[in-house]
Amino acid sequence: MLVWSRRGRLLTFVLALALFGVLYGLPLGVIALASFAGQWNNVLPSQMTLEHYVNAFRGDSFDQLRHSLVTGCVASLVALVAGTWAALALRRARRLPARVFDAIFFIPSAVPSVSVGLGLLVAFSHKPFLLNGTVWIVLIAHFVLISAFTYGNVTAGLARLPADVEQVAESLGARPGYRLRRVTLPLLAPYLIAAFSLSFALSMGELGATVMVYPPGWVTMPVGIFALSDRGSIFDAAALTMLLAATTLLVLLGLSRIPVRGSAR
Amino acid sequence: MRSGSAGAWVLPPLLLLALLFFYPLLLIVREALGGDGQVPGLAHFGEVLGSRMFRSALWNTMVIAALSTVGCLVLGFVLSVLLAFTPFPGSRMVARLIDTFIALPTFLVALAFTFIYGSAGMINETFVHVLGVARPPVDFLYSQWGVILSEITVYTPFVMRPLLATFSQLDPAQIEVASSLGARALTIVRRIIFPAALPALIAGGSLCLLLTVNEFGIVLFIGAKDVITLPLLVYDLAIQQFDYASACIIAVVNIVLSLGLYTVYRFVLARYGRRRAGLV
């Protein structure tokens, strides 16, 4: 407790509420309001409508939701497998090689997303790797961008696992494969879910690399939102943004409800 | 997996990353240096780096990143102190709301700001319709200030995460003793809270710098003609003008700048504590 006087506490309360309200409450509220706005020529919208949500659930916009969900799930799953594999492989490695590989797996998070997209365009636009214009290049871009985050989360989880349980399993004669399946991975489950959640959220909001590589047949939601707002359909853009945020948060909420046995916390 | 076999086990994910990430990265560098087997085109390299377009993009990128980071640090510190040391009704919910903000796309804030501060936004409409001002007076959104304000809003939670984690480990008795000895709130902040927060501030600040240098969505959505940053210039050259050679040159500079900042961030983390600031 930093402020004791009644007046002081009231003052800090008002200050905190004003700061949080203007910075974080207002933007969310305004997007929500705009997504229902029929006409907005004054301080507040003069008409409310559900039309923008109807638009969001049909035609192109609904396809974009589907594309984003598929991209997010596939890219996050592949990143989770690759990240867990790498983290497990480096776990028992010697100090120096482990640090070098660790840095290598983290580097994708330090490269601007637009440049990742540009690299994929340059690399996969002609044979033998002709992927430009297909869904694959979008999936690859998302995988590359989120791979470091899944790897980082799983590594952090591994470091916090109690060492004794696995040693007991080993001393009781459990083979490495069995130990991995029945001991290590279940213990790691909360961290795997956290890693997947983070990757999924990042993928759902990804714009920089996607806008470089997407084919006309695979427009994701962020790209669609930008296209809408660019041509002036800002209320439709707001409705689609609400849908994107709601979908992301719903999936994260669902993932956080998955019951995990033997949580390592 | 014994240490001997670790080398072989790491190969599959490593090869995947090599093909999908490092190979494209190498091709960007090759393309920037002149492309397909010709004499390395260092002349073009120098030409692009000397151009006004590149220099102003580099300048914009650095100014926006630096000012946004300073803003995030100040705001993140104030908000974290308010949340951690002056609990108010609803402060836990606010903390959770800010945490979910990290999961939302960055352009959400830029889009919201056009409804609030834009030329036909709520504030200008209030001035025009309610107060009878002839022309919309608020006119900063379509400049670097609009981008900076958006980035501060988006990236402040990345500073708050490590700060709140640090504050939760601070012994409350320390503050109560200081306070009962007659220290004022500001003195406590300056003498106890700030020194304890310094490592988290440095870690959060360097992460912010990295993220703001590479921010794309916000700059694209604000869409100000004279606010072109390096990532936006790469996009513009490659996608709008099909000038891949120049785009690759700009991208190389952007990547080098970004890797440099990332090295600083990793160094800071190793030096000032293990707690990772947010995502990376």
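Tutor: Helices (H or I, at least four residues) and strands (E, at least two) are DSSP runs, numbered from the N terminus. This is a predicted model, where local features need pLDDT of at least 70, side-chain atom pairs count only at pLDDT 80 or more, and totals for chains, interfaces and linings use all residues. Residues are numbered from 1 along each chain as its sequence is written, and chains are lettered from A and ligands numbered from 1 in the order in which they are written.

Student: Thanks! How many helices and strands does chain A have?

Tutor: Read along the sequence, the pattern is α-β-β-α-α-α-α-α-α-α-α-α-α. For chain A, that makes two strands and eleven helices.

Student: What radius of gyration does chain A have?

Tutor: Let's begin with the C-alpha trace, which spans about 75 × 70 × 30 Å along its principal axes. The radius of gyration is taken over C-alpha atoms, and the globule rule is 2.2 Å times the number of residues to the power 0.38. A compact globule of 265 residues would come out near 18 Å, but chain A has 23 Å.

Student: Which helix gives the largest share of the largest nonpolar core?

Tutor: Such a core is a set of buried Ala, Val, Leu, Ile, Met, Phe, Trp, Tyr and Cys residues joined through C-beta atoms within 7 Å; buried means 20 or more other C-beta atoms within 10 Å of the residue's own, with C-beta atoms placed from the backbone. Among the 160 residues here, Leu118(A), Ala141(A), Val234(B) and Ile250(B) touch the most other members. The largest share, 14 residues, comes from chain B, residues 185-213, helix H10.

How values were computed. A residue is buried if 20 or more other C-beta atoms lie within 10 Å of its own, exposed if 12 or fewer, and partly exposed in between; C-beta atoms are placed from the backbone.
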